[in-house]
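Welcome, and thanks for taking a look at this chain with us. Here is a short tour of its layout.

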Amino acid sequence: MEWLRRLEALPDSIHHFKVRVTELADDYLATLKVRTPSAYAAVWRDYQLRLSLESQAVYDELSDLEGDELQRTRKWQREEVESRSLPANFGIRTTYEAMSHPKKKGQFILAERVQCDDLETFLMLDLLRGFAAGHIPRRCDHCGRFFLLDSGYDIRYCENEAPDAPGKTCSQVGAHIKERRKSKNDPVIGEYKRAYNRLKTRKNRGQLSTDDWNRQVAEIQNLKEMAQRGDISLARLKEMLNGF
Ligand SMILES: [Zn+2]
């Protein structure tokens with residue numbers, strides 16, 4: 001009966017965990033300006049603090065109640081607070097055992113074996129251990145799915161296949177979008193592209209041989225790089241590109 005009860009509780013506990021972690025990631029973690037283990041720890045403190053303040057506020061309202069009504073409302077309050085929070089306090093059983101080293105033959109490691117009473121406890125333990133090590137879930141800016149941010153860098157895109165570009169990952173598509181946005185605002189790239197497009201039109205019309213096309217594109221690329229290094233001014237670049 002105990003095992004059946006635990007099995008029946010699985011869907012609800014997975015759902016509860018998913019909803020609460022999503023809330024934590026979207027409302028608390030997504031707004032972070034810096035992504036360091038210290039910032040993650042502060043987020044967890046803020047999250048816990050909000051839950052305890054909410055719980056206290058409900059508790060204060062109970063002071064007028066008596067008898068059965070008080071008991072019923074207290075029970076409701078406990079369930080309400082529980083349903084809206086991620087547990088930070090749970091029981092696990094831990095033992096330490098010597099195991100064969102997974103890679104080095106003939107050697108041993110001391111391994112920690114953890115036993116959880118239910119799935120949600122295991123998920124919470126895994127999440128919090130990840131948190132403590134500086135790993136956090138983040139929503140991909142491109143596909144909206146979660147991925148694990150584990151480097152401390154401000155990475156915005158996941159490495160899964162992008163839904164709108166088969167064969168490419170979100171980070172490949174994202175880098176491309178960023179590059180395009182950057183070049184749109186960069187006057188040097190803008191000038192270069194205008195000259196490049198003029199040359200391309202002439203080539204397509206047959207007014208430019210392949211050799212001339214290759215040579216002239218190399219020349220305007222060279223000018224672009226000189227302007228990017230600051231060797232020539234933007235005005236000088238414009239003037240020189242007008243010759244193409
Ligand atoms: Zn993605």
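## Domains and ground rules

The domain assignment, which comes from an automatic or database source, splits the protein chain into domain 1 (2–139) and domain 2 (186–241). The C-alpha centres of domain 1 and domain 2 are 58 Å apart.

Please keep in mind that this is a predicted model, where local features need pLDDT of at least 70, side-chain atom pairs count only at pLDDT 80 or more, and totals for chains, interfaces and linings use all residues. Residue numbers start from 1 along each chain as its sequence is written.

## Helices 6 and 7

Helix 6 (residues 187–204) and helix 7 (residues 210–229) have axes that come within 10 Å and cross at roughly 175°. Helix 6 is therefore roughly antiparallel to helix 7 (an angle over 145 degrees).

On the helix 6 side, V188, Y192, A195, Y196, L199 and K203 meet W213, Q216, V217, I220, K224, A227 and Q228 of helix 7; contact here requires C-beta atoms, placed from the backbone, within 7 Å. Sorted by class, this contact of helix 6 with helix 7 has nine nonpolar, two polar and two charged residues.

## Strands 1 and 2

Strand 1 (residues 92–100) pairs with strand 2 (residues 108–116) in the antiparallel sense over nine bridges; pairing takes at least two DSSP bridges. Within this pair, I92 stands opposite C116 in strand 2.

Strand 1 is hardly covered, with zero buried residues among its nine (buried means 20 or more other C-beta atoms within 10 Å, exposed 12 or fewer, partly exposed in between).

## A look at R74

R74 sits in helix 3 (residues 67–83). With 14 other C-beta atoms within 10 Å, R74 is partly exposed. The C-alpha atoms of R74 and L127 are separated by 29 Å, and the two residues are 53 residues apart along the chain.

Terms used
Axes are lines fitted to C-alpha atoms, for helices over the stretch in contact, and angles run from 0 to 180 degrees between N-to-C directions. Helices (H or I, at least four residues) and strands (E, at least two) are DSSP runs, numbered from the N terminus. Angles under 35 degrees count as roughly parallel, over 145 as roughly antiparallel, 65 to 115 as roughly perpendicular and the rest as oblique. Two residues are in contact if their C-beta atoms, placed from the backbone, lie within 7 Å. Ala, Val, Leu, Ile, Met, Phe, Trp, Tyr, Cys and Pro count as nonpolar, Asp, Glu, Lys and Arg as charged, and the others, Gly among them, as polar.
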